[in-house]
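Visitor: Before accepting the labels attached to a structure, I should like to hear the reasoning behind them. Could you take me through it?

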Amino acid sequence: MRVRELQTLNGTSGHHKRTDEAGLVEFFRDIREQHSIDTITFLCIGTDRSTGDALGPLVGSHLLEYGIPHVVGSLSSPCDAHNLEARLAEIPTHHIVVAVDACLGQSATVGLFLVSNEPIRPAQSVGTFLPAVGHYSVAAVVNANGPRPYWTLQVTSLYQVMCMAEQISLSIAKGFGIWKS
């Protein structure tokens with residue numbers, strides 16, 4: 001996947017790494033080595049009103065079930081385009097933010113994750129311009145980009161999104177030593 005395309009699709013700055021579930025665990029272990037879980041907020045972006053965009057709220061709900069202390073965005077209380085700025089204001093200023101969002105990419109990258117030590121710009125793939133968020137970010141490529149990205153997110157496989165959400169949340173739990181396999 002070309003960096004220019006990623007900038008257009010999910011708002012990453014280009015300093016990203018394409019990875020699978022094993023790479024996610026390592027990414028979160030690296031964050032844990034630098035920051036205490038008590039000073040990290042997981043910002044899980046998306047809405048339950050769109051299959052493809054439900055990834056963030058699903059991750060947030062799983063993290064709450066695992067007992068992660070600071071989570072913004074879940075199925076019961078989504079963090080989406082309409083309330084993102086208000087939800088950001090809830091996060092303590094001294095916290096490190098790990099942003100999690102869905103994105104569209106090339107068909108060969110569907111099912112992979114893009115991790116970065118930089119912010120992500122949510123909703124850019126559907127033409128919405130929101131502030132860049134996160135000290136770290138994870139974007140899950142849930143479907144292939146097409147001429148109508150909003151529609152593509154609407155018809156994205158729920159199974160694909162649920163599997164990827166579980167992979168992210170389990171990787172966070174493993175990376176932070178909460179899940180013992």
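The conversation below concerns a predicted model and treats a helix, two charged pairs and a histidine in turn.

Visitor: How do you know that the length of helix α3 agrees with its number of residues?

Guide: Helix α3 comprises 12 residues, 55-66. The expected span is 1.5 Å times one less than the number of residues, which gives 16 Å for α3. The C-alpha atoms at its ends lie 17 Å apart, so the two values agree.

Visitor: What makes α3 largely enclosed by the rest of the structure?

Guide: A residue is called buried when its relative accessible area is under 20%. In α3, 9 of the 12 residues are buried, and the helix is therefore largely enclosed. Those residues are L55, G56, P57, L58, V59, G60, S61, H62 and L63. Their cover includes the strands β2 (40-44), β3 (71-72), β4 (96-105) and β6 (136-144), together with helix α6 (158-175).

Visitor: Which residue follows α3, and what is the sign of its phi?

Guide: G67 follows α3, and its phi is positive, near 90 degrees.

Visitor: Why is the pair E26 and R29 called a salt bridge?

Guide: The name requires a side-chain nitrogen of Lys or Arg within 4 Å of a carboxyl oxygen of Asp or Glu. The closest N and O atoms of E26 and R29 are 2.7 Å apart, so the pair satisfies the definition. Both residues belong to helix α2 (residues 21-34), where they stand 3 residues apart, about one turn of the helix. Side chains of opposite charge can pair when their charged atoms come close.

Visitor: Are E26 and R29 buried, partly exposed or exposed?

Guide: Partly exposed is the class between 20% and 50%. E26 has a relative accessible area of 41% and is therefore partly exposed; R29, at 33%, is also partly exposed.

Visitor: How many salt bridges does the structure hold?

Guide: The structure holds 2. E90 also forms a salt bridge, with R87, the closest N and O atoms being 3.0 Å apart. Here E90, at 48%, is partly exposed, whereas R87, at 10%, counts as buried.

Visitor: Why is H95 called buried?

Guide: The relative accessible area of H95 is 5%; the limit is under 20%, so H95 is buried. H95 lies in the loop between α4 (84-89) and β4. Beyond four places away in sequence, H95 touches D38, T39, I40, T41, H70 and H135.

Visitor: What makes H95 and T41 a polar contact?

Guide: The cut-off for such a pair of N or O atoms is 3.5 Å. The side chains of H95 and T41 make their contact at 2.7 Å, and the H95 side chain also reaches the backbone oxygen of D38 at 3.5 Å.

Terms used
Residues numbered from 1 in each chain as written. Predicted model: local features only at pLDDT ≥ 70, side-chain atom pairs only at ≥ 80, totals over all residues. Heavy atoms only, no water. Helix = DSSP H or I, 4+ residues; strand = E, 2+ residues; numbered from the N terminus. Buried < 20%, exposed > 50% of the residue type's maximum accessible area, 1.4 Å probe, protein only. Contact = heavy atoms within 4.5 Å. Polar contact = N/O pair within 3.5 Å; in protein donor to acceptor, adjacent residues only side chain to side chain.
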